[in-house]
Amino acid sequence: MEEKKIPTRDGFGKAIVELGRENKNIYVVDIDIGKSCKTGEFAGEFPGQHVNVGIAEQNGAGVAAGLATTGKIPFVVTYAVFGSLRMSEQVRQEICYPNLNVKIACSHGGVTPANDGASHQCIEDMGVYRTIPNMTVIMPADYYATKALVKEAAKTYGPMYLRFTRDAVPVIYDENQKFEIGKAIQLAEGKDVAIIANGDTVHLALKARDLLAARGISARVLDMHTIKPLDVEAVRDCVRDVGRIITVEDHNIFNGLGSAVCEVVAEAGNAKVKRVGIQDQFGMSAPYERLLEINGITVENIVALAQGEW
């Protein structure tokens, strides 16, 4: 059977409409790319809760901050590269410093923009935002995870960055799966190696786990959908129970999921980590799967690392 694939941005589009129906304090601040970010249905159904500031990301952050001071729950919606880099000063000063209830919801995370080229592929965003106090950083693995985590974000106070994919990714969960911000989901038990992934790489970790099982290697798989606050206990369990950890992410290997896990392991001790991710290089115009392959973000590489020397 062919696996079902849906872009996680589609999950956001559906979730934000459902939230709008439940809570009139939910607002969308669009940066003039609502078609790509899937906010068109929300704008059509709730025009009084929708503000399009035009191509003005920094102003969008300020508008959202102002809305939050009046009790609204604004979602600033744009591409990841703009929502993290162009807006970062305003998010730091106007949203995170006063600890306002603003959500930065961004499509086109990682190299999923693919043929849009390096200018639109965002490999730094989660690293930028996990260094700012008060900010929560989330990347759901699939459509259903996105819907659930967007709803969790809406009911949890504080600044949050949510990262979605442009391209379709395999569906892993169903609509009944429960998610908690800051709490990893263990998708497979294992004792020989632990694979910790997030976002569009979780399905690669699961496929690697199946190949390893066929070769007699038992792999624990974690979906670390929140990298800040990181589920420290889940990582410590991997250190204690397994001792060998592979992190997998569609993000620079510096300051993303791999770095966050390494920080915990360095303090806990008695484990080794191998990081799979963007190899500190910009992308190019190429198919999404090719960009992953160039950076070694493949099932085959995960399997090879798990079987290699530690």
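In this predicted model, helix α10 (residues 232-241) lies across three strands, namely β10 (193-197), β11 and β13 (244-252). Relative to β11, the helix runs at about 170°.

The three strands under this helix also appear in an open sheet of 5 strands, whose order is β9-β11-β10-β13-β14. Pairing within this sheet is mixed. Its edges are formed by β9 (185-188) and β14 (272-278), each of which pairs on one side only. From one strand to the next, the twist averages 25°. At the β9 edge, the partner is β11 (residues 219-223), and the two strands pair in the antiparallel sense over 3 bridges. Within this pairing, Q186 stands opposite L222 in β11.

Attention now turns to another set of paired strands, starting with β2 (residues 26-30). How many residues of β2 are buried? The count is 5 of the 5, so the strand is largely enclosed by the rest of the structure. In a regular strand, side chains alternate between the two faces of the sheet. In β2, I26, V28 and D30 point one way, while Y27 and V29 point the other way, and all are buried. Here "buried" stands for a relative accessible area under 20%. On the pairing side, β2 is joined to β4 by 5 bridges, and these strands run parallel; D30 stands opposite V77 in β4. Strand β2 is also joined to β3 (residues 50-52), again in parallel, by 3 bridges. The bridge partner of V29 in β3 is V51.

Strand β4 (residues 73-79) links this description to β5, with which it pairs in the parallel sense over 5 bridges. In β5, the bridge partner of V76 is I104. I104 also stands opposite Y161 in β7, a strand that spans residues 160-163 and is joined to β5 by 4 bridges, the two running parallel. Why can β5 (residues 103-107) be described as largely enclosed by the rest of the structure? The reason is that 5 of its 5 residues are buried. K103, A105 and S107 point one way from β5, and I104 and C106 point the other way, with all of them buried. The buried set in β5 thus includes the charged residue K103, and that in β2 includes the charged residue D30.

For readers interested in empty space, the model offers both an open pocket and an enclosed cavity. The largest pocket holds about 280 Å³ of space. Its lining consists of Y144, K147, A148, K151, E152, D174, E175, N176, Q177, K178 and F179. Sorted by class, this lining has 3 nonpolar, 2 polar and 6 charged residues.

How many cavities of 30 Å³ or more are found? The count comes to 1. About 50 Å³ of space lies in the largest cavity, which is lined by V111, I278, Q281, F282, G283, M284, L291, I294 and N295. One of these lining residues, I278, belongs to the edge strand β14 (272-278). By class, the cavity lining has 6 nonpolar and 3 polar residues and no charged residues, whereas the pocket lining has 6 charged residues.

Conventions: Residues are numbered from 1 along each chain as its sequence is written. This is a predicted model: local features need pLDDT of at least 70, side-chain atom pairs count only at pLDDT 80 or more; totals for chains, interfaces and linings use all residues. Side-chain values use heavy atoms; hydrogens and water are left out. Two strands pair if DSSP finds at least two bridges between them. Axes are lines fitted to C-alpha atoms, for helices over the stretch in contact, and angles run from 0 to 180 degrees between N-to-C directions. Contact means heavy atoms within 4.5 Å. On a 1 Å grid over the protein atoms alone, a cavity is a set of points where a 1.4 Å probe fits but cannot get out, and a pocket is an open set with protein on both sides within 12 Å along at least five of seven lines; lining residues have an atom within 4 Å of a point. Grid points are joined across faces, edges and corners, and a volume is the space filled by probe spheres set on the points. Buried means under 20% relative accessible area, exposed over 50%, partly exposed in between (1.4 Å probe, protein chains only).
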